[in-house]
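This briefing is intended for a reader who has the chain on display. It groups its points by topic.

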Amino acid sequence: MHIGILGGGQLAMMMIQMSRKYNFDFIVVDPSDNPPASKYARHIKSNYNDKNTLNLLINECDVITIDFENVPADALKYLEGKIKVYPNSVSVEVCQDRLKEKNLFQEIGIPTTQYKKINSEEDLISAIGEIGNDSILKSRKFGYDGKNQISMDNCTPENAWLKSSGVEAILEKKVNFKTEVSLIGVKTEEKKTFFYPLVENFHQNGILNSSIAPYENKVLQKQAENYHNLITDKLNYIGVFVIEFFINEDNDLIANEMAPRVHNSGHWTNEGADISQFEAHIMAITNLEIKSISISGYSGMVNILSKMPNEQKLINNSSYNLYDYGKSERENRKLGHITCVKDNRNDLIENINDIKSMLI
Ligand code: ADP
Ligand code: MG
């Protein structure tokens, strides 16, 4: 089996690492020089819409997947029909655009915060009149890790519009949330879905800082699974799919965004589940049968941003699994993460706090 991945970041790297036992051949396409996955697979340095590269993938691969959602949907469209492409271009197109994403949530009946399409400063002024200043201006495209978001509470519409460079955006009401969770599920070609338990996510400055699983709430788990099935059915989706939610003060799930791929909040599944999100995705897109997915104990994950820690310090201090993506250090760049698994939640939280204090 030959698998092509568009994007060679840490998610591609872990898809390859965590499915080693199947002996699949991977080809990774990425325009950068030494992306993390290039250590573990053949790397083609190319733009994603280069026809020669896409034709090579068609000739050499059985299935194509992605490691980030900003792959041009046109490249996926070109591949579709000639070769299996999971996720399909429509799903990727929707998930690239916050407006399309939120419109889909609404169309299906999944609650979101109040939002408005913004194409001009006038749109912004009128949307603030409706939604208020307790809101965020978010670019429709290319936002990640809290980038391209402007909090409106101490910014005039004029300044915000200038700061945003006038790109197509949405204005979104801030949710006064109790916490944030995500649901990771994998859909197979046979239209079965396997879910991980909800995971609780803690962000700092819009960037995921740590995750703890499971978030135990049977009602919300069922509700989130229903929402997930509605979306993957609508999109005819195959592979791992993730929805991020706020839990508001009334304990309702409010959908924030979704990802047509494996997700940072699922890294704990490498040690905390019998089939990780990475292996599950590869199994689904290659039509290997998934019988069940189960988890053990309580798992946590802490992201390493900006600077790699002194490894010796960590070895001496706790039980952990350190993942180093092999990237150069840069402010707020995700360089790696640490996971740990414990039998009870209190021990896990203690361990997570230890790890966090060592990363400061
Ligand atoms: P990204 O693609 O950068 O992850 P998100 O929309 O998920 O974009 O925003 C990142 C984080 O910023 C969220 O996880 C949340 O902590 C905070 N945030 C985003 N939108 C809102 C909102 N409407 N209300 C409150 N917090 C928000
Ligand atoms: Mg997010």
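Axes are lines fitted to C-alpha atoms, for helices over the stretch in contact, and the angles quoted below run from 0 to 180 degrees between N-to-C directions. The model is a predicted one. Helix α10, residues 277-285, lies across β1, β2 and β4, and its direction is at about 145 degrees to that of β4. The points that follow cover the sheet beneath this helix, the magnesium site, helix α6 and local backbone features, among them the cis peptide bond from Y86 to P87.

**The parallel sheet and its helices**

- An open sheet is formed by 5 strands with parallel pairing, in the order β3-β2-β1-β4-β5.
- The edges are taken by β3 (42-44) and β5 (84-85); each has a single partner strand, so one side of each is left without a neighbour in the sheet.
- Helix α2, which spans residues 51-60, packs on the sheet and touches β1 (2-6), β2 (25-29), β3 and β4. The direction of α2 makes about 170 degrees with that of β2.
- Strand β4 (residues 63-66) pairs with β5 in the parallel sense, over 2 bridges. Within this pairing, V63 stands opposite K84 in β5.
- In general, the strands of a sheet pair through backbone hydrogen bonds, in either a parallel or an antiparallel manner.

**The magnesium site**

- The magnesium ion, ligand 2, is coordinated by the OE atoms of E244 and E257, at 1.9 to 2.3 Å.
- These two residues link distant parts of the chain, 13 residues apart: E244 belongs to strand β14 (residues 239-248), and E257 to strand β15 (residues 253-259).
- Both E244 and E257 are buried.

**Helix α6 and its two sides**

- In helix α6 (residues 121-131), the buried residues are L124, A127, I128 and I131.
- Viewed down the axis of α6, these buried residues fall within an arc of 105 degrees, and they therefore line one face of the helix.
- The cover over the buried residues of α6 includes β6 (115-118), β7, α7 (157-163) and β9 (169-173).
- On the other side of α6, E122 and G129 are exposed.
- Just after α6, G132 adopts a positive phi of about 100 degrees.

**Cis peptide bonds and positive phi angles**

- Most residues other than glycine have a negative phi, and most peptide bonds are trans.
- The peptide bond from Y86 to P87 is cis, with omega near 5 degrees. P87 is found in the loop between β5 and α4 (89-95).
- A213 and P214 are also joined by a cis peptide bond, with omega of about -5 degrees. The loop that holds P214 runs between β13 (207-213) and α8 (218-235).
- F142 is not a glycine, yet F142 has a positive phi of about 60 degrees. F142 is placed in the loop between β7 (135-139) and β8 (149-151), and is exposed, with a relative accessible area of 54%.
- N332, likewise not a glycine, has a positive phi of about 65 degrees. The loop between β17 (321-324) and β18 (334-342) contains N332, which is partly exposed at a relative accessible area of 31%.

Key
Residues numbered from 1 in each chain as written. Chains lettered and ligands numbered in written order. Predicted model: local features only at pLDDT ≥ 70, side-chain atom pairs only at ≥ 80, totals over all residues. Heavy atoms only, no water. Pairing = 2+ DSSP bridges. Helix = DSSP H or I, 4+ residues; strand = E, 2+ residues; numbered from the N terminus. Contact = heavy atoms within 4.5 Å. Donors = N, O, S within 2.8 Å, 3.2 Å for Na, K, Ca; no water. Buried < 20%, exposed > 50% of the residue type's maximum accessible area, 1.4 Å probe, protein only. Arc of directions from axis to C-beta.
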